[in-house]
Amino acid sequence: MTLPITRHRLWQLVVDAALIAGAWYAAWSLRFDELRLPRYYEPYISWRAIGLVVVLKLAIFVLFGFYNRWWRYVSTRDMWGAARGVAAASVVVYLVFYFTPVSQVRMPRTIPLLDLILLLAFVAASRMLARTVMERPSPGSFLARGKEVVVVGAGDAGQLVLRELLRNHALGYTPIG
C-alpha cells in the first residue's frame, strides 16, 4: 500500500497540520475567554496534546482521501467529503480524550463542537482559497483575445470547455456567450 502523501503534496499536509493545531487552540480560546482557563485544563493545550490531536486528525484525513486530489480542483463533492472527514476526525479525538483523559477532569463537551466548526471552516476556506487563487483572472483577461466563440450547451461538458477557455489563454479563444 502506498501513501497518497508525495513530496508534491507534503505542503498540503503541513498546512492541514497548522490548521488542526490552530482550530484546537482557538476552540479552547473561545471557550475560556482568551485562554484564562483553569489549571486542570492546561494539559489539553500542551504541546503533547496538540501533537496528539494533529497526528490523529491527519491520519483520519489520509484515510478519507484528503490528499488524493489537488486543492485547485476541489469541487462540491470534495467539500462534502472534507466535512465527513473533519467530523470523523473530531469524533475520534473526542473519544480518545474521553477514554484517556490527560487531566483530572474531562474535556468540556463544547470543545469538540467548537473544534469541529472551526476546523471545517479552516479546511473549506483553505481549499477554496487555493482554487480561487489558481482561477483568478489575469490582468488583461477581460479584453478579447483571439477568436470570439460561443459555447453551446449548459451541461458539464459545456462548463468544462468554458472553464478551459477562460483558464488557458494560449488557445487563442475568448468565450462571449
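These legends go with close-up views of a predicted model.

**View 1. Aromatic rings gather in a cluster.**
Look across the whole structure and you'll find twelve aromatic pairs. Take Phe32 and Tyr41: their ring centres are 5.2 Å apart and the planes meet at 40°, so this pair counts as tilted. The label follows from the cut-offs, because stacked planes are under 30 degrees apart and edge-to-face planes over 60. Both partners, Phe32 and Tyr41, are buried. Ring pairs also tie these two into a cluster with Trp24, Trp28, Tyr40, Tyr44 and Phe97.

**View 2. Two arginines sit over aromatic rings.**
Stay with Phe32 for a moment and look at Arg31. The charged end of Arg31 sits over the Phe32 ring, 4.6 Å from the ring centre. Now shift to Tyr98, where the charged end of Arg106 sits over the ring, 4.4 Å from its centre.

**View 3. Helix H3 runs from residue 76 to residue 99.**
How far apart are the end C-alpha atoms of H3? They are 35 Å apart; at 1.5 Å a residue, the 24 residues should span 34 Å, so the two values agree. Quite a few H3 side chains to look for here are buried, including Met79, Val86, Val93 and Phe97. The buried set also takes in small residues, among them Gly81, Ala82, Ala83, Gly85 and Ala89. Asp78 is on the buried list too. Phe97 ties this view back to the first one, as it belongs to the aromatic cluster.

**View 4. Ser90 is a buried residue of H3.**
Is Ser90 buried or exposed? With a relative accessible area of 6%, Ser90 is buried, because the cut-off for that label is under 20%. Leaving aside residues up to four places away in sequence, Ser90 touches Lys57, Asp115 and Leu116.

**View 5. One cavity of 30 Å³ or more turns up in the structure.**
Rolling a probe the size of a water molecule over the atoms shows where empty space is left. Here the largest cavity holds about 30 Å³ of space. Which residues line the largest cavity? They are Trp24, Lys57, Ser90, Val93, Tyr94, Met107, Pro112 and Asp115. Helix H3 gives the largest share of this lining, three residues. H3 and helix H4 (110-135) each supply at least two lining residues. You'll recognise some names from the other views: Trp24 is part of the aromatic cluster, while Lys57 and Asp115 are contacts of Ser90.

How values were computed. Residues numbered from 1 in each chain as written. Predicted model: local features only at pLDDT ≥ 70, side-chain atom pairs only at ≥ 80, totals over all residues. Heavy atoms only, no water. Phe/Tyr/Trp six-rings, centres within 6.5 Å; stacked < 30°, edge-to-face > 60°. Buried < 20%, exposed > 50% of the residue type's maximum accessible area, 1.4 Å probe, protein only. Lys NZ or Arg CZ within 6 Å of the ring centre and 35° of its normal. Helix = DSSP H or I, 4+ residues; strand = E, 2+ residues; numbered from the N terminus. Contact = heavy atoms within 4.5 Å. Expected span 1.5 Å × (residues − 1). 1 Å grid on protein atoms, 1.4 Å probe; cavity = no way out; pocket = protein on both sides within 12 Å on 5 of 7 lines; lining within 4 Å. Points joined across faces, edges and corners; volume = space filled by probe spheres on them.
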